[in-house]
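User: I've got this one open on my screen and I'd like to know what sits behind the labels. Can you take me through it, cut-offs included?

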Amino acid sequence: MRGVRWRRIASQVGRSIAVWAASTLTMLVLAGLLPDFQLQSADGDSATRIAIAAACGAGAFGVLSAVVWPLLVRLLLLVPALVLGLLVFFLNGSLLLLALRINPSGRGEAAPETAVIVAAVMSAVASATGAALAVRDDETYRRRLHRLATRGRRAEPPCPSAPGLVCVQLDGVGHDVLMEAVGKGLMPTVARWLAAADGAQPAGDPPQSADGTRPTTARPRPTHRLTPWHTDWSSQTGASQLGILHGSTFDVPAFRWYEKDRGEVMVCNRPTSAAELQRRATAHTGDGGLLALDGASRGNLFSGGAGEQALVLSIAVRRRSRENRSRAGYFAYFSDPANAVRTALSFVAEVVREIGQSTRARIRRQRPRVSRGGLYPFVRAFATVVERDVVVAAVLGDMLAGRTAVYADLVAYDEVAHHSGPHSRDAEKVLQRLDRSLALLARVAEHAPRPYRIVVLSDHGQSPGETFHARYGLTLGDLVRAGCGLPVPRRAERTHSGAEARAAVRAALRRPVEENGTHHRSARGPEPIVLASGNLGLVSFPDVPHRMTKEEIDARHPALLTTLANHPGIGFLLVRSEAHGGVVLGAYGAEIPLAELDDTSGPLARFGPGAADAVRRTHSFPHTADIMVNSAHDPADGEVLAFEEQIGSHGGLGGAQSRPFLLSPLDLSAPVGDGERLTGAEQVHHVLRRWLGELDGPQVPLTTAVEEERAA
């Protein structure tokens, strides 16, 4: 044992010397290339003295980076996350200037702007060198990852022999999109899990050769199974993730809706609304969530009851404490200056990439197309780079710390697909990068102190199609006003997208989430409130305290329901009825009571199996809008018409948006039996709970979890 320990110490010393030498060489090269960076006196020095100055400077910079940098980042947790990312370069440059000032050789100087460049390059080279040397030794590689990702956490899990469960949500990736990406070779990690790589034989016996013998080459065996599942009417992250993590989607009719009893618009990606929805779900189900015992929630709208949380929207409104800080995950990642520099550079590259891609689409006059200017390039870069890097690093730390259950959301694809299209080349590039993240998680799982089962799933898909405004020249709000006999603005105002990434950016900047309709908090006027959730629209009359019936709406606005139902861009309406409880309205006077509604005829025939049950369930919610409006849907190409500025949308019925996926290891039980249909996020929640039980996972203490949630 003593010999092993001494060999380990010698190995560590050797790696430190190698990193120091690489940093010294980098500093010498940069001193020769950059005119404002000098390692010699004004009178000139010998090569030996210059080399000594570089070695001393590199050593001082390395020590400061290892000792001072983590302290600076911890102090700067009080600074908004995106501002911290921008400060990375300047802080790193300041450390280099300090290293040159305390250089024992007494030589070395650099202009401040040059110091930023030199520090960034040296940090990247030192990190790459250390990683390249460490990766040759599994134990060293594991300790390195553990050190970078899990500072300040416990070293051992409570039950290291039992497998843990890691759930990675690829936000917005539909079942068909995943299969298409695997078929194109864009996601080799997923393809390997499914044994669907190029050249893999299909299931069954291999074909015989010409001489009647069978080939002996073993084909790859799948390790995972792929199961499609079906969302409720509200096919969006707020409803799906609340159901998956907390077991309830009750009374979540859309991404945003107006609540008459509170006089407020609820928006799923607003921190105050997310906290309220989580409170309601906890009260409705009677337990604290999927992750309530030894769990971690990363990058989600809701906590799932986890004790470890980072970038969780529902706790962003709470007071920060040592035990519960929604942004603490930033420290684990940015405490390594090389991580910070790499992410900052990737952020800039992604902004440039988006500007180039949007310019190319505009020059080629691609259709459909939406505006991608303003702050969108920065929102996209945050979703595809910063959020991804921080969340993945947090999950790595959770696995190396041995947590029992982890749930993480990666929103990159969803954000890009909204603006570029779910089948676009831009979105495919994002899928490739997400697959690399899955590969990294799988590799690190091999070094974790306990085995892990990695489950990959999505919360919804996306349906393509041009916007309602682009096709008809007016918004849903304009159409509603026209049906009510109210004046319509001469220039239609577009409904802006409310994608999850925008909320994450605002939370990182500590800015409130402002959404269309927020100003209706105290609205009690006669004009209707019209809200959009993808291709689902909601119309509410705030001056009427209850949910209006069809008869009341017809008496007040005789032309409204007819105008909406007969418009070619509208698929169907749902309204309350005094005579039938609820009715679905369609074109040409179609009016079907909910009790007689089915999926094979009438207005819902084009929306596929399960549509009637989804509509009936939404009708039972207390806060369903006076008029629920679903856009038209073309089954031939799967297109819908979004009421927001999105060419890839979700939130209603129609097309791929309602068909997400669940990719699970074969050594877990099948999600559903043969021939059965996995429907609703609540059922997915029960499947995940069952798997935790199979892995000897925690049984959630219901009473304690509920009391803690209510106390919060």
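**The enclosed helix**

User: What makes helix α16 (residues 476-483) count as largely enclosed?

Analyst: Seven of its eight residues are buried, so the rest of the structure largely encloses α16. Buried here means under 20% relative accessible area, with exposed over 50% and partly exposed in between (1.4 Å probe, protein chains only). The buried ones are L476, G477, D478, L479, V480, R481 and G483. Keep in mind that this is a predicted model: local features need pLDDT of at least 70, side-chain atom pairs count only at pLDDT 80 or more, and totals for chains, interfaces and linings use all residues. Residues are numbered from 1 along each chain as its sequence is written, and side-chain values use heavy atoms, leaving out hydrogens and water.

User: Which elements cover the buried residues of α16?

Analyst: The cover includes α15 (468-472), β12 (529-533), β13 (536-540), α19 (560-565), β14 (570-577) and β17 (627-631). Contact means heavy atoms within 4.5 Å. The element names come from DSSP runs numbered from the N terminus: helices are H or I with at least four residues, strands are E with at least two. Just past the helix, G485 has a positive phi of about 75°.

User: How does α16 run relative to β12?

Analyst: At about 150° to β12, while lying across β12, β13, β14 and β17. Such angles run from 0 to 180 degrees between N-to-C directions, using axes that are lines fitted to C-alpha atoms, for helices over the stretch in contact. Helix α20 (611-619) lies across β14, β15 (581-585) and β17, at about 40° to β14.

**Two open sheets**

User: What makes β12 and β16 the edge strands of their sheet?

Analyst: Each of them pairs on one side only. Pairing takes at least two bridges found by DSSP between two strands; β12 and β13 have five, in the antiparallel sense, so they qualify under that rule. Within that pair, A532 stands opposite G537 in β13. The whole sheet is open, with six strands in the order β12-β13-β17-β14-β15-β16 and antiparallel pairing. Its neighbouring strands are turned by 20° against each other on average, direction ignored.

User: How many strands are in the sheet that contains β4, and what is its pairing?

Analyst: Seven, in the order β4-β21-β10-β3-β9-β7-β8; this sheet is open too, and its pairing is mixed. At the edges are β4 (224-228) and β8 (308-310), each with a single partner strand, so one side of each has no neighbour in the sheet. Here the average turn between neighbouring strands is 15°, direction ignored. β4 and β21 (residues 661-665) pair over five bridges, antiparallel, and one of the bridge partners is L662 in β21, facing T227.

**The aromatic cluster**

User: Why is the pair W233 and F572 called tilted?

Analyst: Rings of Phe, Tyr and Trp (its six-membered ring) pair if their centres lie within 6.5 Å; planes under 30 degrees apart are stacked, over 60 edge-to-face, and the rest tilted. W233 and F572 are 5.5 Å centre to centre with 35° between the planes, so the pair lands in the middle class. W233 lies in the loop between β4 and α8 (237-246) and F572 in strand β14, so the pair ties together parts 339 residues apart in sequence.

User: And what makes F572 and F607 edge-to-face?

Analyst: Their centres are 5.2 Å apart and their planes at 85°, so edge-to-face it is. F607 sits in the loop between β16 (591-593) and α20, 35 residues from F572. Together, W233, F572 and F607 form one aromatic cluster, and the structure holds six aromatic pairs.

User: How do you know that W233 and F572 are buried?

Analyst: W233 has 0% relative accessibility, so it counts as buried. F572 is at 1%, so it counts as well. F607 is also buried.

**Cores**

User: Which residues have the most contacts inside the largest nonpolar core?

Analyst: W233 and V615, in a core of 60 residues. A nonpolar core is a set of buried Ala, Val, Leu, Ile, Met, Phe, Trp, Tyr and Cys residues joined through side-chain atoms within 4.5 Å. Helix α21 (residues 681-694) gives the largest share of this core, six residues. Another core lies apart from it, with 52 residues, among them L186, V386, V395 and L410. Residues that W233 touches include L536, F572, A614, V615 and M628.

Definitions and conventions: Lists of a residue's contacts leave out its neighbours within four places in sequence.
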